[in-house]
Protein chains: 2
Amino acid sequence: MARYFEDVEVGEMYELDGRYEITEDEITEFAEKYDPQPFHLDQEAAEESIFGSLAASGWHTASACMRLFVDEFLDAETSMGARGIDNLRWKQPVYPGDEIRIEVEIVDKRPSESRPGMGHIKTRLRGYNQDDEEVIEWTALGMTRRRNPDA
Amino acid sequence: MARYFEDVEVGEMYELDGRYEITEDEITEFAEKYDPQPFHLDQEAAEESIFGSLAASGWHTASACMRLFVDEFLDAETSMGARGIDNLRWKQPVYPGDEIRIEVEIVDKRPSESRPGMGHIKTRLRGYNQDDEEVIEWTALGMTRRRNPDA
């Protein structure tokens, strides 16, 4: 069922079932394209880095969490995109074979002043690895369709 | 020449030469993998969206800017990664064929308290399209090697 602006309440918390496995191949593929720093590409360089071992680009971890967010939480009928992200933090490295899951909390909502059919929903997303260590968090400024623009 | 913590000053601004063209193929490839929302995948759905036409995932735009940042500004010898990103904003949609460039401003720096060989450098990155419209901005909390840890 489509989730409209009216269908979420501030304070709600969603623990989502999806998992995203970050493989070594995908780590190097993403890094070669978008973040070719040695600690994302080369095991030896990574061992000498503060990560201690080959680690995913932070943008790759974010993208994997976005995939889970789209699959598990956003709705094709009602999502209108996002204006931005606040307080993105990479809290632990993500290593080959790590399996990521996310939790989503509704932290604020308000109707748009300029677009009657739209509402702003602020969500805090937290990503965890298979050991329940938090690896990433952010607060997204999302835009969502309203069911009753005139209400 | 490697750029160490000591080699940048707060207030410096770098207009970088690199360009990243965002093609339609890459928009759909990235979106299929990481952000499969209709307005990133389907021209018709995108026309009905607030973007008005097929648009890149915001995470894709960020990743393209990261590539420019790595190629044009970061240094393999001295970059130690980043703790996070503040105030990421997607200011304009990025469309197929758009050519992105970036500017980088040093907004803060301080030695690490816990790691003598490291310093924190806060950089504001702004991405522009070929019409000089700002499409993205963020503030990165980067970590950089110090040349003189004991200075």
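This passage describes the strands, chain symmetry, aromatic contacts and cysteines of a predicted two-chain model.

The model is predicted, with local features requiring pLDDT of at least 70 and side-chain atom pairs counted only at pLDDT 80 or more, while totals for chains, interfaces and linings use all residues. Residues are numbered from 1 along each chain as its sequence is written, chains are lettered from A and ligands numbered from 1 in the order in which they are written, and side-chain values use heavy atoms, with hydrogens and water left out.

The relation between the chains was examined by least-squares superposition on the C-alpha atoms of residues with pLDDT of at least 70 in both copies. A turn of 180 degrees and a shift of 0.0 Å along the axis lay chain B on chain A with an RMSD of 0.0 Å. The two copies are thus related as by a two-fold rotation axis. Within chain B, B:Asp86 has the C-alpha nearest the axis, at 2.7 Å from it.

In chain A, the UniProt annotation "domain: MaoC-like", from an unreviewed entry, covers residues 10-113; such positions are given in the numbering used here, feature names are shortened, and annotations may be inferred rather than shown by experiment. Over residues 10-113 of chain A, the chain is 35% helix and 31% strand, and the end C-alpha atoms are 19 Å apart. Helices (H or I, at least four residues) and strands (E, at least two) are DSSP runs, numbered from the N terminus.

Strand pairing (at least two bridges found by DSSP between two strands) occurs both between and within the chains. Strand β3 of chain A (residues 79-90) and β3(B) run antiparallel and are joined by four bridges. At this junction, A:Arg89 stands opposite B:Gly84 of β3(B). On the intrachain side, β3(B) pairs in the antiparallel sense with strand β6 of chain B (residues 134-145) over seven bridges. B:Asp86 has B:Thr139 in β6(B) as its bridge partner. Burial is assigned from relative accessible area (buried under 20%, exposed over 50%, partly exposed in between; 1.4 Å probe, protein chains only). Nine of the 12 residues of β3(B) are buried, so this strand is largely enclosed by the rest of the structure.

Further antiparallel pairings in chain B involve strand β4 (residues 98-111), which is linked to β1(B) over three bridges. In this pairing, B:Glu103 of β4(B) is the bridge partner of B:Glu15. Strand β2 of chain B (residues 20-22) also pairs with β4(B) in the antiparallel sense, over three bridges, and B:Tyr20 stands opposite B:Ile100 in β4(B). Between β4(B) and strand β5 of chain B (residues 118-128), 10 bridges are formed in the antiparallel sense. B:Ile106 is matched with its bridge partner B:Thr123 in β5(B), and a hairpin of six residues joins β4(B) to β5(B).

Aromatic pairs were assigned to rings of Phe, Tyr and Trp (its six-membered ring) with centres within 6.5 Å; planes under 30 degrees apart count as stacked, over 60 as edge-to-face and the rest as tilted. Over all chains, the count is 15 aromatic pairs. One of these is the tilted pair of A:Trp59 and B:Trp59, with 6.4 Å centre to centre and 55 degrees between the planes. A:Trp59 lies in helix α4 (residues 58-72) of chain A and B:Trp59 in helix α4 (residues 58-72) of chain B, so the pair joins two chains. A:Trp59 is buried at a relative accessible area of 3%, and B:Trp59 is buried at 3%. An edge-to-face pair is formed by B:Tyr14 and B:Phe73, at 4.9 Å centre to centre and 75 degrees between the planes. B:Tyr14 belongs to strand β1 (residues 13-15) of chain B and B:Phe73 to the loop between α4 and β3 (79-90) of chain B, so the contact ties together parts 59 residues apart in sequence. B:Tyr14 counts as buried at 19% relative accessibility, as does B:Phe73 at 9%. One aromatic cluster comprises A:Trp59, A:Trp90, A:Trp138, B:Trp59, B:Trp90 and B:Trp138.

Charges were assigned as sitting over a ring when NZ of Lys or CZ of Arg is within 6 Å of the ring centre and within 35 degrees of the ring normal. The charged end of A:Arg3 sits over the ring of A:Phe73, 4.1 Å from its centre. For B:Lys109, the charged end sits over the ring of B:Phe5, 4.4 Å from its centre.

Disulfides (pairs of cysteine sulfur atoms within 2.5 Å) number zero over all chains. A:Cys65 is buried at a relative accessible area of 0%, and B:Cys65 is buried at 0%.
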